[in-house]
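Work through the exercises below with the structure open beside you. Try each task before reading its solution.

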Amino acid sequence: MTFFTHLDCSRCGARHDRETLHNLSPCCSAPLLARYDLERVRVRREDLAGRRPDMWRYAEVMPADRPEEVVSLGEGFTPLLQAERLGETAGLRNLFIKDESSNPTGSFKARGLSAAVTRARALGAGRLAIPSAGNAAGAMSAYAAAAGLEAFVFMPKDVPEAFQVECAALGARVELVDGLITDCGRIVAERKVAQGWFDVSTLKEPYRVEGKKTMGYEVAEQMGWTLPDVIVYPTGGGTGLIGMWKAFEEMERLGWIGGRRPRMVSVQASGCAPIVRAFENGRETAEEWQGAQTMAAGLRVPRAVGDFLMLRAIRQSEGTAVAVTDEEMASALKEMGAATGLFAAPEGAAAWAGVKRLAAQGWIRADERVVLFNTGSGLKYIDALKAIW
Ligand SMILES: *Cc1c(COP(=O)(O)O)cnc(C)c1O
């Protein structure tokens, strides 16, 4: 089934074994990345056609040894919709939306947590803890419940109410924190040894990125094994951006795609834009953002351990990074809804606001194929949206 061999430190390249429950790399305290013996994979891309319609269809490059190990609720293989009328409003003829709102728990966090919980259970973890800005907590609660593991979630106390209710409904122990996701992360780090928790924070364990990378595989498969010219991604911790960049490299080595890459665009909220600031200042890492504020809960991430990986992917791809205001997100959300039928999360709306800006500036040209990610459902954000409309 899988050709998963080992983990590499994303900083120094040192090799680490795959049978230990790892957080950051023991050598550099950097994210660990799963590696596969891709040269031995004999599957051709055509062979995928009849496989299960979820992200585990890419079994050779996923971290599960046997199908029975997989903790799945049907995540991934989400629709790639052509958004003709929405595209026209910005003069774009080939706009596509990868609609992640149809995932279990209503966001693409399902992909990451399906992979992370699968591997954590296989390696014997019993109690999982997560600091989250919202959607990751819901997804972790769901997959922990599906796997029969205990879930402990830490969220800022001002996250949209839906997330709090959802986690409780799924049997998780919920703690609301007077602070940001970074403060939640500190609490998990402080208590985890005494509590026997395995920490499934973004990029602090190696497998959420493996789940998220499947978005890259799916975009290629759904576009007939070609990649678009531009990918626009609302960025918090950056797992999706890093994961898709990894997926493109893997697919090239598998012989499934060529060497051309999309220009990767990171969109952040102007109230919390550490990656945009670092990109504009030519930095390789991002300084922590002070006083982070935005209704797009998933973008309220003041500091990301994978900052250098995101910035590298954006630059190598000749992409860019843009910040949009909450007001722009709110009107973009209505435009998207009325022109596509999708009730987007504010994060997805931010991506559309970013596309409009870049199209107006001529950075995206009329005929280019653009894939924007609607990363979640607007239904989780009713209280935030009601407050501003
Ligand atoms: C978490 C989240 C994001 C940011 O995703 P990363 O891969 O961590 O950058 C974007 N949108 C939504 C809805 C999210 O929940």
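**Exercise 1. Find which ring Arg263 lies over, and then which ring Arg57 lies over.**

Solution. This is a predicted model, so read every distance as computed from it. Start with Arg263. Arg263 sits over the face of Trp363, 4.4 Å from the ring centre. Now turn to Arg57. The ring beneath Arg57 belongs to Tyr58, and the distance to the ring centre is 5.9 Å. Next, follow Tyr58 further. Tyr58 belongs to a cluster linked by ring pairs, together with Tyr217, Trp225 and Trp256.

**Exercise 2. Classify the ring pair of Phe4 and Tyr207, and say which parts of the chain the pair ties together.**

Solution. Begin with the total: the model has 11 aromatic pairs. Phe4 and Tyr207 make one of them, with ring centres 5.9 Å apart. The planes meet at 80°. Planes over 60 degrees apart count as edge-to-face. This pair is therefore edge-to-face. Next, place the residues. Phe4 is in strand β1 (residues 4-9). Tyr207 is in the loop between β9 (198-199) and α6 (208-222). The pair therefore ties together parts 203 residues apart in sequence. Last, check burial, for which the limit is under 20% relative accessible area. Phe4 has 6%, so Phe4 is buried. Tyr207 has 4%, so Tyr207 is buried too.

**Exercise 3. Do the same for Tyr233 and Phe373: what is the ring geometry, and are the residues buried or exposed?**

Solution. The ring centres lie 5.9 Å apart and the planes are at 70°, so the pair is edge-to-face. Tyr233 is in strand β10 (residues 230-234) and Phe373 in strand β13 (residues 369-374). The two residues are 140 residues apart, so the pair links distant parts of the chain. Both Tyr233 and Phe373 are buried.

**Exercise 4. Describe how the protein surrounds the ligand.**

Solution. Count the surroundings: 16 residues are around the ligand. The closest are Lys109, Tyr233, Gly236, Gly238 and Thr375. Then look for polar atoms. A polar side-chain atom of Tyr233 is 2.5 Å from a ligand oxygen. For Asn135, a polar side-chain atom lies 2.9 Å from an oxygen atom of the ligand. Gly237 uses a polar backbone atom, 3.1 Å from a ligand oxygen. Finish with the cover. On its own the ligand has 380 Å² of accessible area, and the protein covers 97% of it.

**Exercise 5. Locate Ser25 and name its contacts.**

Solution. Ser25 lies in the loop between β2 (15-16) and β3 (32-36). Its relative accessibility is 2%, so Ser25 counts as buried. The Ser25 side chain reaches the backbone nitrogen of Cys28 at 3.3 Å. Setting aside neighbours within four places in sequence, Ser25 contacts Cys9, His16, Ala30 and Leu32.

**Exercise 6. Place Pro346 and find what surrounds it.**

Solution. Pro346 is in helix α11 (residues 346-360). With a relative accessible area of 0%, Pro346 is buried. Leave aside its neighbours within four places in sequence. Pro346 is then in contact with Met295, Ala296, Met329, Leu333 and Tyr381. Now compare sequence with space for Lys380. Pro346 and Lys380 are 34 residues apart in sequence, while their C-alpha atoms are 9.9 Å apart.

How values were computed: Residues are numbered from 1 along each chain as its sequence is written. Side-chain values use heavy atoms; hydrogens and water are left out. Rings of Phe, Tyr and Trp (its six-membered ring) pair if their centres lie within 6.5 Å; planes under 30 degrees apart count as stacked, over 60 as edge-to-face and the rest as tilted. Helices (H or I, at least four residues) and strands (E, at least two) are DSSP runs, numbered from the N terminus. Buried means under 20% relative accessible area, exposed over 50%, partly exposed in between (1.4 Å probe, protein chains only). A charge sits over a ring if NZ of Lys or CZ of Arg is within 6 Å of the ring centre and within 35 degrees of the ring normal. Contact means heavy atoms within 4.5 Å. A residue is near a molecule or strand if one of its heavy atoms lies within 4 Å of it. A polar contact is a pair of N or O atoms within 3.5 Å; within protein, one must be able to donate a hydrogen and the other to accept it, and residues adjacent in sequence count only if both atoms are side-chain atoms. Accessible areas come from the Shrake-Rupley method with a 1.4 Å probe; for residues, only the protein chains shown count as cover.
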